[in-house]
Amino acid sequence: MEWWQAIILGTVQGLSEFLPVSSSGHLMIFKEILGADAEGFLDFTVTVHFATVLSTLIVFWAAIRKLLTGLLKFKYNDETDYIVKLLVSAIPVAIVGFAFKDQVEALFGENLTYVAYGLIATAVLLWFSDFAGKVIKARAGEKARNGITWWQALVVGIGQALAVAPGVSRSGTTIATGLIIGVRRDVMAQFSFLMVLLPIIGEQGLAILKAATGHGEAAGSVGFASLVLGFIFAFVSGLFACKAMVALVRRARLGWFSLYCLAVAILILVLT
């Protein structure tokens with residue numbers, strides 16, 4: 001992989017990880033556009049994903065520190081309740097990740113046509129969330145502790161589990177699902193990004209373990225300089241995208257991202 005390819009792909013990962021447009025799908029698209037060597041691409045993907053995890057930790061560090069401080073009081077307070085709901089939301093994706101991830105990857109592979117279908121599904125979900133959330137929220141009744149109920153946390157987690165398909169945005173699916181089932185925008189803006197930390201860290205940890213035990217891809221054509229550049233640009237662009245997306249979820253509609261996903265999907269289907 002060339003250094004300039006690493007810069008572009010790292011930037012794409014950082015932006016698309018938090019914007020509701022599918023980071024995995026965009027990495028596949030830009031890998032094809034740039035003609036990046038597939039050998040060792042898994043190692044590069046692990047590196048840039050780790051960079052976006054760090055950017056999430058920095059953006060939400062105040063909230064994370066508050067949660068950990070509350071948890072260490074060893075009583076069921078608001079912080080403990082929030083953490084337990086985050087764990088509940090991680091159950092579906094953990095089941096899919098451990099039991100069906102290989103089957104899903106074998107089913108879809110790296111076919112850009114499937115990415116297009118996933119982007120269309122993301123577009124429909126984002127568009128629907130702008131209109132359905134208010135209707136369902138009106139029937140939701142009283143506010144739950146921390147602004148989200150147990151069943152809402154589980155349903156949002158199911159949405160995240162479905163986002164393993166290529167082209168389906170993880171952040172877009174969780175945010176849209178939360179809005180559709182009546183979670184307030186301000187609550188969902190934080191919960192959606194914190195809930196993905198556990199599965200992303202777990203997924204990258206498994207990838208690193210596979211590489212260390214010789215079951216992953218070899219680094220091959222991805223040199224150290226490319227990994228470093230990819231990491232830096234994914235981290236910096238991830239900081240920007242994470243802060244921007246939190247602000248957008250709290251105040252703006254997601255319909256514009258829906259149009260973008262639909263446009264990219266049509267281009268893929270026309271050109272491939």
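User: What is Leu 194 in contact with, leaving aside its neighbours within four places in sequence?
Analyst: Phe 60, Ile 64, Leu 67, Tyr 82 and Leu 86 are in contact with Leu 194, contact meaning heavy atoms within 4.5 Å. This is a predicted model, in which local features need pLDDT of at least 70 and side-chain atom pairs count only at pLDDT 80 or more, while totals for chains, interfaces and linings use all residues. Residues are numbered from 1 along each chain as its sequence is written, and side-chain values use heavy atoms, with hydrogens and water left out.

User: What makes the largest nonpolar core a core, and which residues have the most contacts inside it?
Analyst: A core is a set of buried Ala, Val, Leu, Ile, Met, Phe, Trp, Tyr and Cys residues joined through side-chain atoms within 4.5 Å. The largest one has 47 residues, and Leu 119, Phe 191, Leu 194, Met 245 and Ile 268 have the most contacts inside it. Helix α10, residues 185–195, contributes seven residues, the most to this core. Another core, of 14 residues, lies apart from it and includes Leu 9, Leu 34, Ala 36 and Leu 239.

User: How is the protein classified by helices and strands?
Analyst: It has 13 helices and zero strands. Both are DSSP runs numbered from the N terminus: helices are H or I, at least four residues, and strands are E, at least two. Of contacts with a separation of 6 or more, 84% join residues 24 or more positions apart.

User: Why is Ser 22 called buried or exposed?
Analyst: Its relative accessible area is 1%, so Ser 22 is buried. The scale is: buried under 20%, exposed over 50%, partly exposed in between, with a 1.4 Å probe and protein chains only. Ser 22 sits in the loop between α1 (3–18) and α2 (23–34). Its phi is near 75°, a positive value in a residue other than glycine.

User: Why is Phe 74 called buried or exposed?
Analyst: Phe 74 has a relative accessible area of 73%, which is above the upper limit, so it is exposed. It also has a positive phi, about 55°, without being a glycine. Its loop runs between α4 (61–71) and α5 (78–99).

User: How do you know that helix α9 is largely enclosed by the rest of the structure?
Analyst: Of the 11 residues in α9 (residues 170–180), 11 are buried, so the helix is largely enclosed. Among them are Arg 170, Thr 174, Ile 175 and Leu 179. After α9 comes Gly 182, with a positive phi near 100°. For the protein as a whole, buried residues make up 49% of 272.

User: What makes Arg 145 and Asp 78 a salt bridge?
Analyst: The N to O distance between their side chains is 2.6 Å. A salt bridge needs a side-chain nitrogen of Lys or Arg within 4 Å of a carboxyl oxygen of Asp or Glu, so the pair qualifies. Arg 145 is in the loop between α7 and α8 (150–162) and Asp 78 is in α5, so the bridge ties together parts 67 residues apart in sequence. Arg 145 is partly exposed at 37%, and Asp 78 is partly exposed at 38%.

User: What makes Asp 81 and Lys 85 a salt bridge, and where do they lie?
Analyst: Their closest N and O atoms are 3.0 Å apart, inside the limit. Asp 81 and Lys 85 both lie in helix α5, four residues apart, about one turn of the helix. Asp 81 is buried at 2%, and Lys 85 is also buried at 2%. The structure holds four salt bridges.

User: Why is the pair Tyr 114 and Tyr 117 called edge-to-face?
Analyst: Rings of Phe, Tyr and Trp (its six-membered ring) pair if their centres lie within 6.5 Å; planes under 30 degrees apart count as stacked, over 60 as edge-to-face and the rest as tilted. The structure has six such pairs. For Tyr 114 and Tyr 117 the centres are 6.4 Å apart and the planes 70° apart, so the pair counts as edge-to-face. The two residues lie in α7 (residues 112–138), three residues apart. Tyr 114 is partly exposed at 32%, as is Tyr 117 at 48%.

User: Which residues do ring pairs link into a cluster?
Analyst: Phe 18, Phe 60 and Phe 193 are linked in this way.
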